[in-house]
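Student: Could you walk me through this one? I keep meeting labels and I'd like to know what earns them.

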Amino acid sequence: MTELETRQDELLNKLEILYERIKTISSQCKLDNMSANIQSSNASKVESVITPEEVVLVLSPDSLPWYLNIILKKSNLPIHTTCHVHSSVPSEKLAKIKAFTQKLKTSENPKVNLRLIFKAAADSELKLSALSTPILGNVNILRYLSLAYPTIIPYDHNDHIVDNLLDICHVLERTSEKNKEAVVNRLFAHYKTWIYGDKFSVVDLAAYNLIKQWRNTPKFVSKVWFDKCEKLCS
């Protein structure tokens, strides 16, 4: 729990920095309602402001960013993706990386350049010129991306249950094989149509991205839910 609280505090500090910068840009551009109405009709304006021109995502070949598919497919901003593989990556992982990156949608006239760097045993890490320190971990990366793309990745920042479910996703990512079922059952405790509520949210995307890494989808994961996520992220 101490590790999760520390990560949460670090993310909140980073988001506060972003929030202050958004307010500054908002006043310069006279976008009066941008910071107060981030998930409303002004969402596209927010997206264009807080999404940087250059993004670097450092990844392990065993933790592919499946969540990128839904962003690349639905974003109004053209994104160009490039892939770089570090020499530490074993040769038997190269085909897996190539198969993944070949399917990513990319633009030749981009507003955003996204660089994917694969390293062996690397924890997922998002690097932005706007932040002095990187954002670590898939769950925290998705928290940031929900700010950049609020209409694509819905996230109610005032709902503590959502944050708790995201923390469970973080725990699940580091859970041993024998304990996965118990953690998944906690995660899906409120499941009906989606993991929490009746609409797709950042929690579903975080859980899907994690479970998608597993060699096989276990029976204790809802096939109906997984298939719906698969359709959204393909």
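Tutor: Sure, let's start with pairing: two strands count as a pair if DSSP finds at least two bridges between them. Keep in mind that this is a predicted model.

Student: What makes strand S1 (residues 54–59) and strand S3 (residues 112–118) a pair?

Tutor: The cut-off is at least two bridges, and S1 and S3 have six, in the parallel sense. Within that pairing, Leu57 has Leu116 as its bridge partner in S3, and Glu54 stands opposite Asn113.

Student: How do you know that S1 also pairs with strand S4 (residues 125–128)?

Tutor: Same kind of check: at least two bridges are needed, and four join S1 to S4, this time antiparallel. Leu57 turns up here too, with Leu126 as its bridge partner in S4.

Student: And which strand pairs with strand S2 (residues 79–85)?

Tutor: S3 does, over seven bridges in the parallel sense. In that pairing, Leu116 of S3 is the bridge partner of Cys83. Leu116 is also the S3 partner of Leu57.

Student: What order do the strands take in the sheet?

Tutor: It's an open sheet of five strands, in the order S2-S3-S1-S4-S5, and the pairing is mixed.

Student: Why are S2 and strand S5 (135–136) said to stand at the edges?

Tutor: Each has a single partner strand, so one side of each is left without a neighbour in the sheet.

Student: What makes S1 "mostly covered"?

Tutor: A residue is buried when its relative accessible area is under 20%. Five of the six residues in S1 are buried, hence "mostly covered".

Student: Where does a helix come in beside those strands?

Tutor: Helix H4 (residues 94–102) joins S2 and S3 in a left-handed β-α-β unit. H4 lies across both strands and runs at about 175 degrees to S2.

Student: Why is Val202 called buried?

Tutor: Its relative accessibility is 1%, and the limit is under 20%, so Val202 counts as buried. Val202 is found in helix H8 (residues 202–211). Leaving aside neighbours within four places in sequence, its contacts are Leu142, Ile153, Pro154, Tyr155, Val162 and Leu166. Take Tyr155: it is 47 residues away from Val202 in sequence, yet their C-alpha atoms are 5.6 Å apart.

Student: Is Ser63 buried or exposed, and how do you know?

Tutor: Buried: its relative accessible area is 11%, which falls under 20%. Ser63 has its place in the loop between S1 and helix H3 (68–74). Not counting residues up to four places away in sequence, Ser63 touches Ser124, Asn138, Glu173 and Gln213.

Student: What makes the link between the side chains of Ser63 and Asn138 a polar contact?

Tutor: Distance is one part of the test: the N or O atoms must be within 3.5 Å. The contact joining these two side chains is 3.1 Å.

Student: How are helix H5 (residues 138–148) and helix H6 (residues 160–173) packed?

Tutor: They pack at an angle of about 145 degrees, and their axes are 9 Å apart. H5 brings Asn138, Val139 and Arg143 to the contact, while H6 brings Asp163, Leu166, Asp167, Cys169, His170 and Glu173. By class, that contact has three nonpolar, two polar and four charged residues.

Definitions and conventions
Residues numbered from 1 in each chain as written. Predicted model: local features only at pLDDT ≥ 70, side-chain atom pairs only at ≥ 80, totals over all residues. Heavy atoms only, no water. Axes fitted to C-alpha atoms, helices over the stretch in contact; angles between N-to-C directions. Helix = DSSP H or I, 4+ residues; strand = E, 2+ residues; numbered from the N terminus. Contact = heavy atoms within 4.5 Å. Nonpolar A, V, L, I, M, F, W, Y, C, P; charged D, E, K, R; others polar. Buried < 20%, exposed > 50% of the residue type's maximum accessible area, 1.4 Å probe, protein only. Right-handed = clockwise from strand over helix to strand, strands pointing away. Polar contact = N/O pair within 3.5 Å; in protein donor to acceptor, adjacent residues only side chain to side chain.
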